Amino acid sequence: MTRLSRDQRTRDYAERRTSEGKTKKEIIRCLKRYVTREVFPIITAALSPAPNPAITA
């Protein structure tokens, strides 16, 4: 919701989807999916263990 009110890219996206006939509820659902796709790789990279330089193959 914050992104929808503050981020220009997101506002443009919502405006485009509204012109396509989407409801606000549908737009928010799509935005949640978009944010998840954007944030998930960042979270998984932060949680993955760092390679141990002491172990060599």
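Helices are DSSP runs of H or I spanning at least four residues, and they are numbered from the N terminus. On that basis, the protein reads α-α-α along the sequence. The secondary structure comprises three helices and zero strands. The model is predicted.

Confidence was examined by element. The mean pLDDT of the protein is 87, and 88% of the residues score at least 70. Helix 2, residues 8-19, has the highest confidence, at 93. Helix 1, residues 2-6, has the lowest, at a mean of 85. Helix 3 covers residues 24-47.

Burial and surface composition follow. The protein has 57 residues, of which 14% count as buried. About 5100 Å² is exposed. Carbon and sulfur atoms supply 60% of that area.

Charge pairing was considered next. Side chains of opposite charge can pair when their charged atoms come close. The structure holds four salt bridges. Arg3, Asp7, Arg9 and Glu38 are linked in a salt-bridge network. Within this group, Arg3 pairs with Asp7, and their closest N and O atoms lie 3.8 Å apart. Arg3 also forms a salt bridge with Glu38, at an N to O distance of 3.3 Å. This second pair links distant parts of the chain. Glu38 lies in helix 3 and Arg3 in helix 1, with their positions 35 residues apart in the numbering.

The accessibility of these partners was also computed. Arg3 has a relative accessible area of 22%. Arg3 is therefore partly exposed, since buried means under 20% and exposed means over 50%. Asp7 is likewise partly exposed, with a relative accessible area of 22%. Glu38 counts as partly exposed at 34% relative accessibility.

A further salt bridge joins Arg17 and Glu20. The N to O distance in this pair is 3.1 Å. Glu20 has a relative accessibility of 46% and counts as partly exposed.

Two surface patches were identified, one positive and one nonpolar. Lys22, Arg29, Arg33 and Arg37 form the positive patch. Arg37 lies in helix 3. The relative accessible area of Arg37 is 56%, so this residue is classed as exposed. Patch residues must have over 30% relative accessible area and no salt bridge. Arg37 meets the area requirement because 56% is over 30%.

The nonpolar patch is made by Val39, Ile43 and Leu47 and covers about 280 Å². Val39 is found in helix 3. Val39 has 34% relative accessibility and counts as partly exposed. That value satisfies the patch cut-off of over 30%.

The N-terminal end was examined last. Met1 lies in the segment before helix 1. Met1 counts as exposed, with 65% relative accessibility. The C-alpha atoms of Met1 and Lys32 are separated by 9.3 Å. These two residues are 31 residues apart along the chain.

Conventions:
Residues numbered from 1 in each chain as written. Predicted model: local features only at pLDDT ≥ 70, side-chain atom pairs only at ≥ 80, totals over all residues. Heavy atoms only, no water. Patch = residues over 30% accessible without salt bridge, like charges linked within 9 Å, V, L, I, M, F, W, Y side chains within 5 Å. Areas by Shrake-Rupley, 256 points an atom, 1.4 Å probe, with all protein chains shown as cover. Salt bridge = Lys/Arg side-chain N within 4 Å of Asp/Glu carboxyl O. Lys, Arg positive; Asp, Glu negative; His and termini not counted. Charge placed at Lys NZ, Arg CZ, Asp CG, Glu CD. Helix = DSSP H or I, 4+ residues; strand = E, 2+ residues; numbered from the N terminus. Buried < 20%, exposed > 50% of the residue type's maximum accessible area, 1.4 Å probe, protein only. pLDDT = per-residue confidence, 0-100.
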